[in-house]
Amino acid sequence: MPAIELRNISNFICRNINLKIVDGEFMVLLGPTGAGKTTLLNIVSGLIEYEGSILFDGVSIDRIPVNRRHVGYLLQDLALFPHLDVASNITYGLKMQKRCVHEIETKLNEMLYLMNIADLARRYPSNLSGGERQRVALARALAPSPQVLLLDEPMSNLDPMTKEKILGEFKNIQQKRRITTIYVTHDQDEAISLGDRVSVLNEGRIEQTDTPDELFYNPRTEFLARFLGAKNRVRAQHLKIKVKTA
Ligand SMILES: Nc1ncnc2c1ncn2[C@@H]1O[C@H](COP(=O)(O)OP(=O)(O)OP(=O)(O)O)[C@@H](O)[C@H]1O
């Protein structure tokens with residue numbers, strides 16, 4: 001799966017973004033609301049225009065339209081087709097790519113098995129739980145074997161236990177298949193547990209890109225120290241109150 005390089009990417013929100021993601025890496029884009037995370041995913045997928053250059057394995061994809069970038073994009077609201085059953089949702093991309101019937105059938109079975117949803121194949125999205133919809137959406141994104149997977153806060157509507165389970169399974173698949181992944185979240189715990197590296201965005205700029213440890217122990221800007229340290233400050237205040245009342 002390809003390495004991704006973003007060179008001087010700018011548009012009405014993003015300002016001179018430079019980022020290198022290595023082959024098979026799980027990169028998390030972390031940042032407060034409105035930082036430009038979704039905008040950057042839209043740029044990589046080819047949905048919106050930009051200045052600068054995006055390279056997959058050193059080759060520019062700037063002139064390649066959205067439907068030919070081999071990018072799987074999982075949106076926050078999942079956007080499953082309500083009029084199609086689970087099997088047809090999963091195979092939709094394959095049919096668009098005009099794959100042969102045998103290949104579509106094989107891929108469908110592989111995805112149903114991989115995401116543990118074989119018993120849901122003939123059900124419709126409106127009759128599924130949030131976690132089941134999530135699995136179907138992941139299966140649909142993975143079915144066309146994308147070179148790059150973009151995920152925009154895909155688990156935000158799930159309870160913590162289901163979220164942890166699906167994310168753990170997904171991370172395993174991602175590592176086994178070495179899918180280069182960009183994962184957007186504003187949740188620091190998610191960023192630490194998932195990311196090989198984490199890139200923090202603020203007001204359309206990258207503040208720092210590092211391993212989770214390096215980022216949390218050595219934040220390079222005041223914004224980062226405040227943004228990443230917010231949890232610790234709350235805990236410290238809580239302890240202080242406890243000591244006073246003891
Ligand atoms: N099509 C658009 N036209 C104008 N402004 C936009 C458009 N899309 C997004 N914005 C603005 O760009 C800024 C960044 O939005 P974006 O959705 O990229 O942030 P985000 O970091 O993903 O936030 P969140 O975590 O809340 O999803 C916001 O101020 C938003 O209002």
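**Two domains and a helix pair**

In this predicted model, the centres of domain 1 and domain 2, taken over C-alpha atoms, are separated by 26 Å. Domain 1 is made up of residues 1-70 together with 146-245, while domain 2 covers residues 80-145. The points below turn to the contact between these domains and then to a pair of helices, H2 (residues 86-96) and H4 (residues 130-142).

**Where the domains meet**

- On the side of domain 1, 10 residues are in contact with domain 2, and on the side of domain 2 there are likewise 10 residues in contact with domain 1.
- Helix H5, which spans residues 160-177, supplies the largest share of the side of domain 1 that touches domain 2, namely 4 residues.
- Sorted by class, that side of domain 1 has 8 nonpolar and 2 polar residues, and no charged residues.

**How helices H2 and H4 are arranged**

- The axes of H2 and H4 come within 7 Å, and they cross at roughly 30°.
- Angles under 35 degrees count as roughly parallel, and H2 and H4 are therefore described as roughly parallel to each other.
- The crossing in which H2 passes H4 is right-handed.

**Which residues H2 and H4 bring together**

- From H2, the residues taking part in the contact are Val86, Asn89, Ile90, Tyr92 and Gly93, and they meet Val136, Ala139 and Arg140 in H4.
- By class, this contact of H2 with H4 has 5 nonpolar residues, 2 polar residues and 1 charged residue.

Key:
Residues numbered from 1 in each chain as written. Predicted model: local features only at pLDDT ≥ 70, side-chain atom pairs only at ≥ 80, totals over all residues. Axes fitted to C-alpha atoms, helices over the stretch in contact; angles between N-to-C directions. Helix = DSSP H or I, 4+ residues; strand = E, 2+ residues; numbered from the N terminus. Parallel < 35°, antiparallel > 145°, perpendicular 65-115°, else oblique. Left-handed = near helix turned anticlockwise from the far one by under 90°. Contact = placed C-beta atoms within 7 Å. Nonpolar A, V, L, I, M, F, W, Y, C, P; charged D, E, K, R; others polar. Domains from an automatic or database assignment.
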